[in-house]
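Reader: Hi! Could you walk me through this structure, one piece at a time?

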Amino acid sequence: MPTHTSSVPQRATRRWHGLLATLSLLALGGCASVYRVDNAVESFPRWSDASRSGQPLAAVPQAPQTYRFDRLPSQKQGQAAADQDALERLAQASLGKVGWTLADSGAPAVWTVQVGAATLRLPHAPWESPWDRRWGGFGFAGRDHVVTGSGQVIWTPMFMPMDWPYYQRKVSLLVRHADSGQVVYETHAAHDGRWNSSPELWGAMLDAALQGFPTPPAGARQVNIDLPR
């Protein structure tokens, strides 16, 4: 039997294989019951810096503990204040899981907590080419056409290129000793992906940032949180 040599360019073949792989992932994703929020986390405990009247406190406070939230001036008015209210509610839930409770209004607290969040919206993922027109963001439509495995070119002018933005998100949490103002715990969680913003996503990032609290592992680490769809 003669050996058939395909004339399909290697790049087109890779594109078609990428199409098949993408469709397979989409089929699997449609059946999945959870999605994963993968977080790059780094924490810096400095409990020995806490002091009262110049005297060091116990190195690591044991739960339960009480705290109150502290805000920057830019977080105290307008829409920024409303956004901060929502973020602090999520942080309160995450801190509650590690045994820290928000103090009643007007009640003293040993600790203050400052929480922040930021989002950067990109038009496409960093590894995607901005010059490659993509249908649905998957990159398998090429420039208004698909090349099949047999080399057939199928034009798809009815499919308009669509933006599929990519988000870089970060949360930070600082714990201070209320009397001295010393920062005794700093932690960050960063997550990149296509998921839309939701309270559940931000809550998962805060849970990841507090993983191991109050004595987290040293150095950067990855913390994955699975959420129901």
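**Two helices and a strand**

Author: Happy to! This is a predicted model. Helix α2 (residues 78-96) packs against helix α3 (residues 199-209) at an angle of about 45°, and their axes are 9 Å apart.

Reader: What do you call that arrangement of α2 and α3?

Author: Angles that are neither roughly parallel, roughly antiparallel nor roughly perpendicular count as oblique, and therefore α2 and α3 are oblique to each other. The crossing of α2 and α3 is right-handed.

Reader: Cool, which residues make the contact?

Author: From α2 there are L87, L90, A91 and S94, and from α3 there are P199, W202, G203, L206 and D207. Sorted by type, the residues of this contact are 6 nonpolar, 2 polar and 1 charged.

Reader: New topic! Where is S172?

Author: S172 lies in strand β9, which covers residues 166-177. S172 is 34 residues from L206 in sequence and 8.1 Å from L206 in space, C-alpha to C-alpha.

Reader: Is S172 buried, exposed or partly exposed, and why?

Author: Partly exposed, because its relative accessible area is 24%, and buried would need under 20%.

Reader: And what does S172 touch, leaving aside its neighbours within four places in sequence?

Author: S172 is in contact with Q114, V115, G116, T187 and H188.

Reader: Which strands pair with β9?

Author: Strand β6 (residues 111-122) pairs with β9 in the antiparallel sense over 12 bridges, with T112 opposite R176. Strand β10 (residues 183-193) also runs antiparallel to β9, joined by 10 bridges, and there Y167 has G193 as its partner.

Reader: What links β9 and β10?

Author: They form a hairpin with 5 residues between them, and G181 in the turn has a positive phi of about 80°.

Technical notes:
Residues numbered from 1 in each chain as written. Predicted model: local features only at pLDDT ≥ 70, side-chain atom pairs only at ≥ 80, totals over all residues. Heavy atoms only, no water. Helix = DSSP H or I, 4+ residues; strand = E, 2+ residues; numbered from the N terminus. Buried < 20%, exposed > 50% of the residue type's maximum accessible area, 1.4 Å probe, protein only. Contact = heavy atoms within 4.5 Å. Pairing = 2+ DSSP bridges. Axes fitted to C-alpha atoms, helices over the stretch in contact; angles between N-to-C directions. Parallel < 35°, antiparallel > 145°, perpendicular 65-115°, else oblique. Left-handed = near helix turned anticlockwise from the far one by under 90°. Nonpolar A, V, L, I, M, F, W, Y, C, P; charged D, E, K, R; others polar.
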